[in-house]
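Here's a walk through this structure, one piece at a time. Keep the 3D view open and turn it as you read.

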Amino acid sequence: MPHVMEILGKARVVVENGEVVEVSEPLIRWCPIFEKARGITEITKEDIKKNMEFRIEDFGLFTDKRQLDMDIFVGFGASETMMTGLNRGLLDTTVTACDGAGSVISNNPNLVQGIGARISGLVETEPIDATINGINERGGIVFDPSTASIDPVEATRKAAELGYKRIAVTVVFPETAKELRELESELDLELTIIGAHVTGIGREFAQELLDNVDIVTSCASKNIRELVKPLVQVGSAVPLFGITQRGKELLLERAKDVETPVFVSSAKLPSLPEEKQPRELV
């Protein structure tokens, strides 16, 4: 089975044996994050291929050289927010997805950041022993090391069986978020559900996701921007939105760790300066 991830405008990229073998067209042409981080002023298939090759070469994505110890990538990202939540004692553990391992349970803040810092929409992956061993060495638990399946709901159930109660979980699909809310009620958990990878989603999909998450990334989603009614917003170009009180508290806690000065003010939200948004919102 190849490794598949969607990056830079939700382009589908297929990697086999450490080589990029397929790249689809992106849904957008410009993203402020990637212009700032990588100097990409217009997203093309060639740029996407080069970016994935950079990730493979730089930190071993989809290879047995996968780095699991990484620095902060953005001030307010999903992995950075979960890392802060663990460090501050607001979370007991997390359930995220890692290339070469699938769903991972981890209460190690540095591992959570290492897993999530530079990956985006992981679609499917296959087991890589070195990555799985690295996660185990850092105290993480790979949900299904034999298949590297991505199953947030069952991985959360396993986390609960291990005694964890306050769990942050990243999701892509609203139906996953709904199932997690049902599991939360069934097992008396306190879940912080973080919706991610939302570029190109439909209006109904966006509303269902917003109805069931605590935090959501905006990516380049026009529908998320139009429908969201946040309690807190961090960032203005590609912001994260806190939808619930739990999400708001976690994002505000993250603000304490951001090294640059932070401006805090009450405002009508969302606040989305047009010139800062990704082009061709979809």
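Let's begin at a residue with no surface to show: S221 is buried, with a relative accessible area of 0%. Keep in mind as you look that this is a predicted model. You'll find S221 in the loop between β10 (215-217) and α9 (222-227). Who surrounds it? Leaving out residues up to four places away in sequence, S221 touches V198, T199, I201, L281 and V282.

The loop that holds S221 has another residue to check. C219 also lies between β10 and α9, and its phi is near 45°, a positive value in a residue other than glycine. That's worth a second look, because most residues other than glycine have a negative phi. H197 is a further case, with phi near 60°, again positive in a residue that isn't glycine. Its place is in the loop between β9 (190-195) and α8 (203-210). Is H197 buried or exposed? H197 counts as buried because its relative accessible area is 15%, and the cut-off for buried is under 20%.

While we're on backbone details, swing over to the segment after α10, where P270 lies. The peptide bond from L269 to P270 is cis, with omega near 0°. For context, most peptide bonds are trans.

Now for the sheet. Strands of a sheet pair through backbone hydrogen bonds, either parallel or antiparallel. Here, four strands form an open sheet in the order β3-β2-β1-β6, and the pairing is antiparallel. Which strands stand at the edges? They are β3 (19-23) and β6 (121-124), each with a single partner strand, so one side of each has no neighbour in the sheet. From one strand to the next, the twist averages 30°. Zoom in on β2 (residues 11-16) and β3, and you'll see an antiparallel pair joined by four bridges. One to pick out is V15, whose bridge partner in β3 is V20. Helix α2 (residues 45-59) lies across β1 (3-7), β2 and β3, and runs at about 150° to β3.

On to helices packing against helices. Two packed helices are described by the angle between their axes and the distance between the axes. Take α6 (residues 152-161) and α7 (residues 174-187) to start: their axes are 9 Å apart and the angle is about 20°. The two helices are therefore roughly parallel to each other, since an angle under 35 degrees counts that way. Their crossing is right-handed. On the α6 side, the contact uses P152, V153, T156, R157 and A160, which meet T176, E179, L180, L183, E186 and L187 in α7. By character, the residues in this contact split into six nonpolar, two polar and three charged.

Then compare α3 (residues 78-88) and α10 (residues 245-255), whose axes come within 9 Å and cross at roughly 90°. That angle makes α3 roughly perpendicular to α10. From α3, the contact draws on E80, T81, M83, T84, G85 and R88, while α10 brings L250, L251, E253 and R254. What is the mix of residues in the contact of α3 with α10? Three are nonpolar, three polar and four charged.

Note on methods:
Residues are numbered from 1 along each chain as its sequence is written. This is a predicted model: local features need pLDDT of at least 70, side-chain atom pairs count only at pLDDT 80 or more; totals for chains, interfaces and linings use all residues. Side-chain values use heavy atoms; hydrogens and water are left out. Axes are lines fitted to C-alpha atoms, for helices over the stretch in contact, and angles run from 0 to 180 degrees between N-to-C directions. Angles under 35 degrees count as roughly parallel, over 145 as roughly antiparallel, 65 to 115 as roughly perpendicular and the rest as oblique. Contact means heavy atoms within 4.5 Å. Ala, Val, Leu, Ile, Met, Phe, Trp, Tyr, Cys and Pro count as nonpolar, Asp, Glu, Lys and Arg as charged, and the others, Gly among them, as polar. Buried means under 20% relative accessible area, exposed over 50%, partly exposed in between (1.4 Å probe, protein chains only). A crossing is left-handed if the near helix is turned anticlockwise from the far one by less than a right angle, and right-handed if clockwise. Two strands pair if DSSP finds at least two bridges between them.
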